[in-house]
Amino acid sequence: MSVRAALVRRSLRPVVVALITWTAAAVAVSVPAAAVCGGLTAVALIAGAVFLRGRRAVLGVVVVAAACGAAAAGTVTTVAPLRATVAALQVDGGRHLVVEATAVGRLAVADSGDVWFDAVATDIAAGREHVRGRFPARIGVPAAQRPALADVGPGSPLVVAGTAFVPDGPERAVLVLRVADVSRATAPTGLWGWFEDLRDGLVASARGLPEPGAGLVPGLAVGDTSGLDPATERAMTATSLSHLTAVSGANCAIVVGAVFALLALCGAPRGVRVVGAATALAAFVILVTPEPSVVRAATMAAVAMIAVALGRPAVGVAVLSAAVTIVLIVDPWTSLSLGFALSAAATGALLTLARPLAAGLERWMPRSLALALAVPTSAQLACGPLIILIDPHVPLLGIGANLLADVAAAPATIAGALACIAPFPWLRDGLVAVAWVPAAWIAAVAHTGAGAAEQELPWLEGVPGAVALAGVGAATALLLLRPGRRVRRWRPVAALVVALTVGVSAGHTAVRTVAGPLTLPTAWSAAMCDVGQGDATLWRSGNAVALVDTGPDAELLTSCLRRFGVDRLDLLVLTHFDLDHVGGSAAVVGRVDRVLHGPPADGRDESLLRRLADGGAALQRAAIGDAGVVGDTRWTVLWPVEAQEPGNDASVVIDVTGPGFPHMVLLGDLGKRPQAALGRRVDVPHVRIVKVSHHGSADQDPDLYRRLAPEVAFIGVGADNTYGHPTATLLSTLASLGTTTGRTDVDGHLAAWLDEQDRLVLWRDRAPGDTPPEPRRRAPGVPVASERRRHARGEHESSLRRTRTVSEGVGRLGE
């Protein structure tokens with residue numbers, strides 16, 4: 001056996017230790033019983049002694065792995081007394097507590113607007129009962145009380161009161177507190193306060209620069225994304241660039257590498273360079289707050305830099321395995337963290353796969369370009385299967401976006417970090433301005449990539465999807481590597497796998513990006529998106545577009561808007577704040593000019609409105625009589641009345657008219673009683689389209705529909721929903737009026753427009769009787785006037801399918 005082969009084989013031993021420790025830590029965290037952990041250790045030791053006797057190396061690996069696993073389990077058991085102390089307060093079920101604590105983590109804003117952060121509780125009072133100690137806690141503050149946390153950062157002392165819960169899953173925290181009142185929340189003092197001032201100074205300096213680059217500067221330098229606009233945040237995620245603002249191993253590696261290189265240029269010996277780089281890394285970790293994720297990223301970065309500096313990938317793998325083992329012993333809850341798994345996988349890929357890939361790519365390109373491309377490629381191949389577990393999409397432009405952004409990440413990070421510690425305000429402002437230039441480039445790359453049509457390829461979900469993507473990644477790597485003897489054997493299979501994947505993906509993407517929009521009628525005026533059990537209705541006049549409600553899912557809404565060619569909304573109407581009407585709002589944040597909304601019910605609703613406002617939208621609460629224009633159409637609010645309680649019966653009802661536009665009324669989720677009240681208060685007009693209330697529920701006023709006398713009814717409803725929507729009663733009422741019904745569960749997307757003879761035409765995404773295939777084929781548009789006459793004569797509905805099809809030219813939407 002060669003020396004190199006022996007070295008590689010030895011480096012695999014720590015990998016086995018790390019994997020066994022990882023497994024033991026995960027079991028111990030998930031099933032925190034000392035007996036289980038001890039049993040696992042005993043089994044491992046017995047197996048090593050009985051079955052591996054005489055093989056010293058293997059036995060040694062098993063014994064060390066068992067010891068490390070037992071150590072991780074022991075760390076879990078040390079928290080058991082703390083959990084028992086908290087449980088003795090009978091907090092399970094929501095007991096009111098007063099807690100003194102110290103914040104130890106960065107404040108994170110959830111989608112609801114609530115703020116969550118890690119803390120260490122030192123005094124817990126439940127009525128007259130008091131317990132003292134150091135209890136890991138997770139504290140949540142509602143959106144309405146966010147102003148009380150304005151000065152809070154790591155190291156801040158707090159006194160809060162609220163409802164306590166025992167954590168449901170395997171968490172490090174022994175107490176979860178939902179705060180009702182913030183009695184005291186002061187700024188951190190001492191060293192923590194000094195670092196907080198440095199971060200605040202960086203954010204303040206960046207605030208005056210043009211967006212979206214300004215918001216990225218603090219994120220790239222210290223991981224502070226508080227100033228990042230929602231649109232840029234989504235674009236960074238869609239193009240696999242979010243790691244640049246998450247204080248990942250890349251950020252830490254940039255800082256370490258810069259210091260290492262600077263000391264090398266100064267002629268410092270290797271020992272001085274290592275010490276200087278390590279000191280800089282420690283200071284950087286404190287600056288960005290030493291949360292567990294940051295410490296893990298710093299550990300991975302240090303390991304990667306040591307291996308690269310030594311030029312010994314095999315040694316690097318051993319050191320990486322040792323670092324993973326140590327982290328798992330100190331913090332076994334990390335074993336269930338996807339972020340930790342991604343960090344370890346990316347570092348491992350950098351150590352083992354990047355150089356072989358670069359050597360393979362050198363066959364077609366210069367060495368420097370090959371190495372630059374090999375780094376993001378190896379990370380993408382290693383991390384992709386893990387990301388699939390939480391987001392079943394493959395970012396097609398992720399590697400290219402990283403390649404373009406990486407050239408700017410280092411200058412932005414270094415300049416931003418130096419700006420933090422600059423002793424003079426003028427120097428800090430100058431360095432921030434320097435950092436803005438590469439940050440603006442990264443923002444432009446993210447927005448350009450995210451704006452590409454369907455750049456995210458849908459993939460299988462869950463474990464099957466992860467396994468499938470891992471197989472495709474392995475096949476891709478085999479094709480890129482230099483064709484050695486072992487590689488040549490598998491290259492035909494790898495080529496077949498990659499070819500099939502590319503072919504299927506290209507066909508699927510072409511159908512969604514090219515064929516899909518071409519199947520739409522270009523003349524549509526009103527449309528309803530198929531977003532499952534929810535509402536999302538569009539209307540268009542010229543180049544102006546309005547959307548009424550967003551449905552329950554941002555991804556489904558995004559797909560619909562893309563297919564209808566809608567990039568920006570002149571008006572967004574949120575009829576009310578139920579999830580099936582606002583759950584997809586994330587898809588349009590930053591893309592709306594004006595928001596017309598019903599009465600918000602709580603802090604979450606207010607938080608959604610704030611996010612829309614932060615994205616550039618003007619907010620307007622709807623009231624009867626409010627009116628405005630979208631293109632040549634005019635909208636008027638018919639409901640709700642003043643002082644209406646939030647909910648279905650306070651839904652915003654919109655009347656839309658205009659030249660060449662089919663008169664339309666959208667009823668939100670209004671129930672029978674408010675529908676009747678609407679009919680009494682408003683002179684309800686005859687309309688050509690009605691958006692049926694509440695997905696066709698039984699809570700309807702037939703008289704209102706008779707007064708509206710619609711030619712077409714849109715019903716937004718999910719297939720196989722458990723509510724029985726739409727009801728037979730509602731469908732019977734519409735049929736008795738001769739109204740043609742379009743329902744998204746059966747018909748998919750819907751569209752309607754007026755033809756040259758002023759006849760209303762209804763288009764269905766799926767022809768009658770079709771199941772929902774992918775891709776969906778175009779169904780014929782049918783003049784509704786003909787349908788109504790046939791209904792009046794009592795002819796069978798099937799005869800409607802033989803009416804004349806309105807011929808539509810195929811072309812881009814909006815021509």
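Biologist: Is T550 buried or exposed, and what is its relative accessible area?
Modeller: This is a predicted model, and T550 belongs in it to the loop between β11 (544-548) and α18. A residue counts as buried under 20% relative accessible area. T550 meets that criterion and is therefore buried, with a relative accessible area of 0%.

Biologist: Which backbone nitrogen does the side chain of T550 reach?
Modeller: The side chain of T550 has two backbone partners to consider here. One is the backbone oxygen of V582, at 3.4 Å. The other, at 3.2 Å, is the backbone nitrogen of S585.

Biologist: With which residues is T550 in contact, leaving aside its neighbours within four places in sequence?
Modeller: Both polar partners of the side chain, V582 and S585, recur in the contact list of T550. The list also includes D535, A536, L557, L572 and L574. The remaining contacts of T550 are H581, G583, G584 and V588.

Biologist: Which cysteines does the disulfide join?
Modeller: The structure holds one disulfide. Its S to S distance is 2.0 Å, which falls within the cut-off of 2.5 Å. Both cysteines are buried, and they are C529 and C560.

Biologist: What is the handedness of the disulfide between C529 and C560?
Modeller: The sign of the torsion about the S-S bond settles the matter. That torsion is about -70°, so the disulfide of C529 and C560 is left-handed.

Biologist: How many residues apart in sequence are the parts that C529 and C560 tie together?
Modeller: C529 sits in the loop between β9 (526-528) and β10 (537-541). C560 belongs to helix α18 (residues 554-563), so the parts tied together are separated in sequence by 31 residues.

Biologist: Which side chain makes a polar contact with the side chain of H695?
Modeller: H695 occupies the loop between β19 (689-691) and α22 (702-708). Its relative accessible area of 1% places H695 among the buried residues. Beyond four places in sequence, the contacts of H695 include D535, D580, H581, D669 and H725. The polar contact, at 2.8 Å, is with the side chain of D580.

Biologist: How far are the end C-alpha atoms of helix α13 apart?
Modeller: Helix α13 covers residues 367-388, which is 22 residues. At 1.5 Å a residue, the helix should span 32 Å. The model agrees with that expectation, since the end C-alpha atoms are separated by 31 Å.

Biologist: Where in α13 does the kink lie?
Modeller: The kink in α13 amounts to about 35°. The proline P385 follows shortly after the kinked position, and P385 is itself one of the buried residues of α13. The kink lies at A382.

Biologist: Against which elements do the buried residues of α13 pack?
Modeller: The buried residues of α13 include A370, L373, T377, C383 and I388. Their packing partners comprise one strand, β7 (393-395), together with helices. Those helices are α11 (338-352), α12 (354-361), α14 (398-421) and α16 (462-480).

Biologist: What distance separates the C-alpha atoms of A439 and G219?
Modeller: A439 lies in helix α15 (residues 425-451) and is buried, with a relative accessible area of 0%. Not counting residues up to four places away in sequence, A439 touches G213, L216, V217, L220 and A412. G219 is 220 residues from A439 along the chain, yet their C-alpha atoms are separated by 9.5 Å.

Biologist: Which residue caps the N-terminal end of α20?
Modeller: Helix α20 (residues 603-614) has twelve residues and reaches 16 Å from its first C-alpha to its last, close to the 16 Å expected. At its N-terminal end, a side-chain oxygen lies 3.1 Å from the backbone nitrogen of R604. That oxygen belongs to the capping residue, D602.

Biologist: Which residue with positive phi follows α20?
Modeller: The buried residues of α20 are D605, S607, L608, L609 and L612, and they pack against β12 (571-574), α19 (579-582), β13 (594-597) and β14 (618-621). After the helix comes a residue with a phi near 105°, namely G616.

Biologist: What percentage of the residues of the protein count as buried?
Modeller: The protein has 25 helices and 24 strands. It exposes about 36100 Å², of which carbon and sulfur atoms supply 61%. Of its 815 residues, the share that counts as buried is 48%.

Key
Residues are numbered from 1 along each chain as its sequence is written. This is a predicted model: local features need pLDDT of at least 70, side-chain atom pairs count only at pLDDT 80 or more; totals for chains, interfaces and linings use all residues. Side-chain values use heavy atoms; hydrogens and water are left out. Helices (H or I, at least four residues) and strands (E, at least two) are DSSP runs, numbered from the N terminus. Buried means under 20% relative accessible area, exposed over 50%, partly exposed in between (1.4 Å probe, protein chains only). Accessible areas come from the Shrake-Rupley method with a 1.4 Å probe; for residues, only the protein chains shown count as cover. The expected span of a helix is 1.5 Å times one less than its number of residues. The bend at a residue is the angle between axes fitted to the seven residues ending there and the seven starting there. Contact means heavy atoms within 4.5 Å. A polar contact is a pair of N or O atoms within 3.5 Å; within protein, one must be able to donate a hydrogen and the other to accept it, and residues adjacent in sequence count only if both atoms are side-chain atoms.
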